[in-house]
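Visitor: Please take me through the ligand site, close up. Which residues surround the ligand, and what do they offer it?

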Amino acid sequence: MIDVHFVPTPNGHKVTIMLEELGLPYRLIPYDMLKGDHLAPDYRRVNPNGRLPAIVDDEPIGGGPPFAVMESGAILLYLSEKAGGAFMPADPRRRSLAHQWLMWQMAGLGPMHGQAHHFIRYAPEGQDYGVARYTNEARRLLAVLERRLGQAEHLAEEYSVADMAAWPWVRATRAIALSLEPYANISRWFAAVGDRPAVQRGTEVKNAPNLGSQRPVLTPEEWSNLFGENMLKSSEA
Ligand SMILES: N[C@@H](CCC(=O)N[C@@H](CS)C(=O)NCC(=O)O)C(=O)O
């Protein structure tokens, strides 16, 4: 059994999509980030970075005691290896493309779109510089994705972990008021990947409080748990 420490966000859905694709049994452990569940010292034993998602595999690759994996991209690679290289191209060039686009998602699409979500939805209003900076970067990355998907059906030519990593972040662009309409290639890919039953099952998973797509109104305690003193204190403790 694989425990998934989970919130229903794009990073969480990458993992549930992959587990659904693989048909591996898993148990969701839902977290309420507004309440600060993820700040509990016990969770540091699962994820030293204190963020979600993370998994604990009680039948790990190579045997031995239960093994924890943090970082959604590393979790996809771990699960692929556990399943004998599933959703990782056998051809070396394609495999490198899967690595490249997975790293691009982890270092670019996710963090930059994440900052756009922060400035548009969570930061005190009136932060025009931050909104413009990260909206531009979010759009730049969509333009990169659009060009890539004009060259190939999927990021690594065949469906792979790279698509599973990027797809939930593209899905979340609606929460930052970016339409996919100008992006014909992304729209084609987004619909095709979204038609996969495992992707649908993986993103229906929401038995944890969803932070939603509206601008949330946070109490001072909730703000502190997500972005402020409580979050810092738990890391420095
Ligand atoms: N690079 C990490 C990012 C994880 C991340 O930032 N997760 C968010 C939820 S999607 C989180 O834990 N936020 C809580 C916090 O920022 O304290 C990954 O891909 O797993």
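Guide: A polar contact here is a pair of N or O atoms within 3.5 Å. This is a predicted model, in which local features need pLDDT of at least 70, side-chain atom pairs count only at pLDDT 80 or more, and totals for chains, interfaces and linings use all residues. Residue numbers run from 1 along each chain as its sequence is written, and side-chain values use heavy atoms, without hydrogens or water.

Start with L52. A nitrogen atom of the ligand lies 2.7 Å from a backbone N or O atom of L52. Next, the side chains. H38 places a side-chain N or O atom 3.0 Å from an oxygen atom of the ligand. For R51, a side-chain N or O atom is 3.2 Å from an oxygen atom of the ligand. Then the cover. On its own, the ligand has 510 Å² of accessible area (Shrake-Rupley, 1.4 Å probe). The protein covers 81% of that area.

Now the whole shell, meaning residues with a heavy atom within 4 Å of the ligand. T9 and N11 belong to it, as do M33 and H38. R51, L52 and P53 follow in the numbering. E71 and S72 also line the ligand. M106 and L226 complete the set.

By class, the shell divides into 5 nonpolar, 4 polar and 2 charged residues. M33, L52, P53, M106 and L226 count as nonpolar. T9, N11, H38 and S72 count as polar. R51 and E71 are the charged pair. So the ligand's shell brings together nonpolar, polar and charged residues.

How values were computed. A polar contact is a pair of N or O atoms within 3.5 Å; within protein, one must be able to donate a hydrogen and the other to accept it, and residues adjacent in sequence count only if both atoms are side-chain atoms.
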